[in-house]
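This report describes selected features of a predicted model. The sequence and the structure are shown first, and the description follows.

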Amino acid sequence: MGNFIKNNFGICNLCNGIIVKLNNLDYGYRCINCRSSYVHRAIGLTINKYFEQKQNIQNVTVYELSSRGALFKFLQKKFKNLVFSEFYDDVTPGEYKNGIQCQDVQNLTFEDGSFELVTSTEVFEHVPDDLKGFREVVRVLKPNGKFIFTVPLFEVPTTIERAHFDKDGNLVHVLPPEYHGDRIRGKEHVLAFRNYGLDIVDRLKQAGFSSVEIARPSSLKHQIARKQVIVAEK
Ligand SMILES: [Zn+2]
């Protein structure tokens, strides 16, 4: 009985809700309250590790690259100064749609040194020019600010490019297109430009981060199956 409970349930570290097993995939363990997946819980655990000891944590300035979901709700509860956005193809960056600001991470409209923490989950594999995006995150971070984020990360040395835009702006597929879903555009609508390997560390350093660590939080209690979370410091 004890093992049955341990293997099929958990406690959500984002909201203290109950996690239940819906299927055998890593994504199958969902919080029945905030709907978190192991990806949200892994990044939440990592954010707490770096920011829980901080004084006046409420006043930390945070930018999250989405406006909904379990991580967003967790950040909103934890930080008073949370800025958030979505990317809309049909809205000028800086403008709003349904009350939510549009931002393109390759050309952020924020001032230099605006944030102590920037977060994203499973976004950067969809950014056409990720180096440009990483450089923008460096720019908007305060000195020693942290970028804590996840991407689907393969434990292989080298990132595999799947697609890119050529100099005329045409989309070129190097490999068969791989689409992921998101809450705005729906299932299987967002192209993955690459499959990241461990050289993401070098890409981040190339973009201007001074140190990069890949955390691999794992917890049976919170049903987190060893998800990589990248911690890059300006
Ligand atoms: Zn939860």
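E213 stands opposite V231 in strand 17. This pair belongs to the contact between strand 16 (residues 211-215) and strand 17, which are joined in the antiparallel sense over five bridges. Strand 17 (residues 229-233) also pairs with strand 9 (residues 141-150), again in antiparallel fashion, through four bridges. There, K146 stands opposite E233 of strand 17. Strand 17 is mostly covered, with four of its five residues buried.

The strand pairings treated in this report are listed below.

| Strands | Direction | Bridges | Facing residues |
|---|---|---|---|
| Strand 16 and strand 17 | antiparallel | five bridges | E213 and V231 |
| Strand 9 and strand 17 | antiparallel | four bridges | K146 and E233 |
| Strand 4 and strand 5 | parallel | four bridges | Y63 and V83 |
| Strand 1 and strand 2 | antiparallel | three bridges | F9 and V20 |

Strands of a sheet pair through backbone hydrogen bonds, in either a parallel or an antiparallel arrangement. The parallel arrangement is found between strand 4 (residues 61-64) and strand 5 (residues 81-84), which are linked by four bridges. Within this pairing, Y63 has V83 of strand 5 as its bridge partner. From strand 4 the chain passes through helix 3 (residues 69-78) to strand 5, and this β-α-β crossover is right-handed.

Helix 3 is itself mostly covered, seven of its 10 residues being buried. The buried residues are G69, A70, L71, F72, F74, L75 and K78. Their cover includes helix 2 (38-51), strand 4, strand 5 and strand 8 (115-121). Strands 4 and 5 therefore both flank the crossover in sequence and contribute to the cover of its helix.Towards the N terminus, an open sheet of three strands has the order 1-2-3 with antiparallel pairing. Its edge strands are strand 1 (9-11) and strand 3 (29-31), each of which pairs on one side only. On average, neighbouring strands of this sheet are turned by 25° against each other, direction ignored. Strand 1 is joined to strand 2 (residues 18-21) by three bridges, and F9 has V20 as its bridge partner in strand 2.

Which residues coordinate the zinc ion? The donors are the SG atoms of C12, C15, C31 and C34, at 2.3 to 2.4 Å. The angles among these four donor atoms are 97 to 115°, and the site is tetrahedral. In sequence, the donor residues follow the spacing C-x2-C-x15-C-x2-C. Of these donors, C31 and C34 are both buried.

Terms used. Residues numbered from 1 in each chain as written. Predicted model: local features only at pLDDT ≥ 70, side-chain atom pairs only at ≥ 80, totals over all residues. Heavy atoms only, no water. Pairing = 2+ DSSP bridges. Helix = DSSP H or I, 4+ residues; strand = E, 2+ residues; numbered from the N terminus. Axes fitted to C-alpha atoms, helices over the stretch in contact; angles between N-to-C directions. Right-handed = clockwise from strand over helix to strand, strands pointing away. Donors = N, O, S within 2.8 Å, 3.2 Å for Na, K, Ca; no water. Tetrahedral: all angles 85-135°; square planar, octahedral: opposite > 155°, others 65-115°. Buried < 20%, exposed > 50% of the residue type's maximum accessible area, 1.4 Å probe, protein only. Contact = heavy atoms within 4.5 Å.
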